[in-house]
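This report looks at how the interior of a single model is packed and at how some of its helices are placed.

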Amino acid sequence: MIGFKIVKDSKTLISEIKKHKLKKKKIGFVPTLGGLHQGHFELIELAKKKTDIVVLSIFLNPLQFSSKNDFIKYPSNLNSDKRKINKKKVNILYLPSMKEIFPSKRIKRIKASSKSNKLCGKFRKGHFDGVVTVLKSLFEQVSPNITFFGEKDFQQILIIKDLILKYKLKIKVNILRTVRENNGLAFSSRNLLLDKKQKKIAPFLFKIIKEISFKAKKNLKQLNNLKLKGKKKLINLGFNKIDYLEIYNENNLLKKDIKKNNLRVFVAAYLGKTRLIDNYKS
């Protein structure tokens, strides 16, 4: 017995949401790509506490993948996800096709804000444009009061807030602290792609940025030195490639006005062909 409503078309979804809104119910929205893990479940729990009706969407968005291979390899399993969700008591599971998200054949791509020009955006061309293009459509269909995201995707959250401002959407963004395994590794669908040896190395990503964060706060003049040392350590530990290891003012992703209370460390590194991201503020 499934305890939630599965909706595959936007018309049904919009009419369901209207019914709930007429009853003055607050709508919470958790958008996902699938491959659900503990981080997603804690987002669902938070949404259940803060809102009356929880909508979870699973849509593996091809627009946000810069390589076809990365898209094909993404570890999503809808049947397994459905079983997991059943225990979590979401109200609506939205499973749109590309056609439902973009009813007219021509996809009008939205340009992500300038915060998308660095970090992941610099290495994954068009990634954030793909994210905001699909999210705008999902936001219009789900019409949530609050949407929920994990802090692991910190850059993405800032870009989504800019999207909400730009289009004057009446949506609050609620952020959940990064959910981690016992060894510190941030939960991610991509962790499933790591082999045994890589799984042992992966937790050092968090360990190193945490260390950098504490040291950076003690001495703001050491930032460049700390970044260089951190990159060397990661390579020595077995990471194959580092896209970036940066320290920014978390409010605007700039190196200007970095202070102890706004300093955040960001990293993206490869173990084999698997790209892991993380960030930390102590």
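## Cores and helix packing

The largest nonpolar core has 40 residues, and those with the most contacts inside it are Leu-13, Val-55, Leu-135 and Phe-139; a nonpolar core is a set of buried Ala, Val, Leu, Ile, Met, Phe, Trp, Tyr and Cys residues joined through side-chain atoms within 4.5 Å. Helix 7 (residues 127-142) gives the most to this core, with eight residues. Apart from it lies another core, of 25 residues, including Ala-202, Ile-209, Ile-258 and Ala-269. This is a predicted model, in which local features need pLDDT of at least 70 and side-chain atom pairs count only at pLDDT 80 or more, while totals for chains, interfaces and linings use all residues. Residues are numbered from 1 along each chain as its sequence is written, and side-chain values use heavy atoms, with hydrogens and water left out.

Val-55 touches Leu-13, Ile-17, Ile-27, Gly-28, Phe-29, Val-30, Ile-92, Tyr-94 and Val-142, residues up to four places away in sequence not being counted (contact means heavy atoms within 4.5 Å).

In helix 2, Gly-39, His-40, Phe-41, Leu-43, Ile-44, Leu-46 and Ala-47 are buried, that is, under 20% relative accessible area with a 1.4 Å probe, protein chains only. These buried residues pack against the following elements.

| Element packed against helix 2 | Residues |
|---|---|
| Strand 2 | 27-32 |
| Strand 3 | 53-58 |
| Helix 4 | 78-88 |
| Strand 5 | 146-150 |
| Strand 6 | 172-176 |

Helices (H or I, at least four residues) and strands (E, at least two) are DSSP runs, numbered from the N terminus.

How values were computed:
Buried means under 20% relative accessible area, exposed over 50%, partly exposed in between (1.4 Å probe, protein chains only).
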